[in-house]
Amino acid sequence: TWKDRKEKRIEEENKVVIEWANYKNPKTNNAIYAFTQDLSIGGAKILTDINFPLDTIFIITLTLSRTRQIITLPAYVRWVKPVYGGDLYEVGLEFIHEQPQTVSGLFKHLFGKDLRPSLAEKIVEAENEAANSA
């Protein structure tokens, strides 16, 4: 249940474009296409045909259909689970928040309200401090 998680996850399908330096496909300009299965401030579960290595870091662009926002941010792979006989993979992503605008955009999309800029900045600062102390 969502009570076991850091943040509440909302089940919804949004388009995801992943830019990963190790992926070479000239037909798609090295872009990987996926869909979210659920989404939170801190991360997402996506469905893709790529079996990403754990801890892979890449840039994702989320097209949030309900609020018609496009958000680009780095994320890393926390877990991978094969589904549908190994033809597809559920991938757990954790977002790396570097910009207060991405936090605010996700908050507005998920909860229907704007997040005060100072609070979004504090979230980004706290994430940066945690990353630097690790």
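Start by selecting strands S2 (15–19) and S5 (57–64), which pair in the antiparallel sense over five bridges. Strands here are DSSP runs of E with at least two residues, helices are runs of H or I with at least four, and both are numbered from the N terminus; two strands count as paired if DSSP finds at least two bridges between them. Zoom in on Glu-19, and you will find Ile-59 of S5 standing opposite.

Before going on, a word on what is on your screen: this is a predicted model, in which local features need pLDDT of at least 70 and side-chain atom pairs count only at pLDDT 80 or more, while totals for chains, interfaces and linings use all residues. Residues are numbered from 1 along each chain as its sequence is written, and side-chain values use heavy atoms, with hydrogens and water left out.

Now add S6 (69–83). S5 and S6 run antiparallel and are joined by eight bridges; Leu-64 has Gln-69 in S6 as its bridge partner. The two strands form a hairpin with four residues between them, and Arg-68 in that turn has a positive phi of about 55°.

Stay in this loop and show the side chain of Arg-66, which forms a salt bridge with Glu-12, their closest N and O atoms being 3.5 Å apart. (A salt bridge is a side-chain nitrogen of Lys or Arg within 4 Å of a carboxyl oxygen of Asp or Glu.) Glu-12 lies in the loop between S1 (10–11) and S2, so the pair ties together parts that are 54 residues apart in sequence. Glu-12 counts as buried, at 16% relative accessibility; buried means under 20% relative accessible area, exposed over 50%, and partly exposed in between, with a 1.4 Å probe and protein chains only.

The structure holds three salt bridges, and the next stop is Arg-78 with Glu-94, at 3.2 Å from N to O. This pair links S6 to S7 (residues 88–95), with its members 16 residues apart. Arg-78 is partly exposed at 48%, and Glu-94 is partly exposed at 23%.

Next, select Lys-81 and Glu-90, whose closest N and O atoms are 4.0 Å apart in a salt bridge. Lys-81 is partly exposed at 45%, whereas Glu-90 is buried at 13%.

Finish at helix H1 (residues 100–111), whose twelve residues reach 16 Å from first C-alpha to last, close to the 16 Å expected at 1.5 Å a residue (1.5 Å times one less than the number of residues). Colour its buried residues, among them Val-103, Leu-106 and Leu-110. Just after H1 comes Gly-112, with a positive phi near 75°.
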